[in-house]
Amino acid sequence: MNPTPPIPRRFAIAVHPKIPEGAALAAEISEFLAAEHRTAVHAVLQDEKLAFGLSQGEFDLMIALGGDGTMLRAGHLCAASQVPILGINIGRFGFLTEVQRGEWRPILERVLAGDYWIERRMMLRAEHRDRDGTHRDAWDVLNECVVGRGEIVRPVRLTTEIDGRYLTTYVADGIIVATPTGSTAYALAAGGPILPPTLRNILLVPVAPHLSVDRAIVLDEGSWVGVTVHTDHQAMLSVDGHPPHPMDDGDSVVVRAGEHSANFVRLQDPGYFYRNLTSRMNQNPTTGAER
């Protein structure tokens, strides 16, 4: 049984910068919250003051205006401070969002009355290391990290370990290391299983493997994955769809469960995931990057 959530009083409203109607909707929501004697600050997702305020505990709840890409970015911003996120879909698909754009007012009235629950979603921590083991960079991951080829259409060899023990060497376009949230994204398109979002497992899915193990593997939360690149051409690491980071021959990525979770505000009953899943599996969303 989830504990009764607190009634939020301080709101951050984050807007995808490339959705023209987002700013007007953010201003309208701010006016509504002000009339309810709440404070609200609205800005684009990349605003540094907004990020700083979240890190300093200045907000009780974030309202994210956009699509699934916006929800991923909001998850990165809010995870460390554990600020819950209410997603209002003004993007294309909205698999992670909770509210459609025309429904926000009654939904916010329920949130202000404390009539909601928090869904906690596992995140991963991915670390890029040089061939000599030197740390290069690290990221929090809500959907997936992908290690694979670059623009040259040739497979790479990916030596993969689980908990320091050799698993296999994939010859493939890439390998996806995903959360249960990410199981319905790129991992699903690559043939992986669908995991309920509240599970705490790590999912491995190879992309176009050639004469390699072609099955997805589901790991326990306590496991960690190491992937080492062997290539004489391009290789890349991409995290949650962000611009890729180049990898050299012998570089590795280590992925394990992260210390933070993304907290999503939900008002539907817990069975919503399967209802939404079946309805969306029968859709063909608009092509192009999810906003």
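**Around Arg266, helix α3 and an open sheet**

Setting aside its neighbours within four places in sequence, Arg266 is in contact with Leu96, Thr97, Glu98, Tyr116, Trp117, Glu119, Arg121 and Tyr272. These contacts, like everything else described here, come from a predicted model. Arg266 itself sits in strand β17, which covers residues 252-266. Its relative accessible area is just 1%, so Arg266 counts as buried, the cut-off being under 20%. Two of the contacts deserve a second look, since both involve acidic side chains. The side chain of Arg266 makes a polar contact with the side chain of Glu98 at 2.8 Å, and another with the side chain of Glu119 at 3.1 Å.

Strand β17 turns up again in the surroundings of helix α3. This helix runs over residues 68-78, and 8 of its 11 residues are buried, so α3 is largely enclosed by the rest of the structure. The buried residues are Asp68, Gly69, Thr70, Met71, Leu72, Ala74, Gly75 and Cys78. What do they pack against? Besides β17, the list holds α2 (48-55), β3 (61-66), β4 (85-89) and β6 (117-129).

Elsewhere in the model there is an open sheet. It is built from 6 strands in the order β13-β12-β11-β8-β15-β16, with antiparallel pairing. At the edges are β13 (217-220) and β16 (245-246), each of which pairs on one side only. As background, strands of a sheet pair through backbone hydrogen bonds, either parallel or antiparallel.

Strand β15 is a handy place to see how this sheet is put together. On one side, β15 (residues 235-239) pairs with β8 (residues 144-149) in the antiparallel sense, over 5 bridges. Among the bridge partners, Gly148 is matched with Met236 of β15, and Val146 with Ser238 of β15. On the other side, 2 bridges join β15 to β16, again running antiparallel. Here Met236 shows up once more, this time with Pro246 of β16 as its bridge partner. Met236 is thus bridged both to Gly148 and to Pro246.

How much of β15 is covered? Mostly, as it happens: 4 of its 5 residues are buried. The link from β15 to β16 is a hairpin with 5 residues between the strands, and in this hairpin Asp240 takes a positive phi near 50 degrees.

Key
Residues are numbered from 1 along each chain as its sequence is written. This is a predicted model: local features need pLDDT of at least 70, side-chain atom pairs count only at pLDDT 80 or more; totals for chains, interfaces and linings use all residues. Side-chain values use heavy atoms; hydrogens and water are left out. Two strands pair if DSSP finds at least two bridges between them. Buried means under 20% relative accessible area, exposed over 50%, partly exposed in between (1.4 Å probe, protein chains only). A polar contact is a pair of N or O atoms within 3.5 Å; within protein, one must be able to donate a hydrogen and the other to accept it, and residues adjacent in sequence count only if both atoms are side-chain atoms. Contact means heavy atoms within 4.5 Å.
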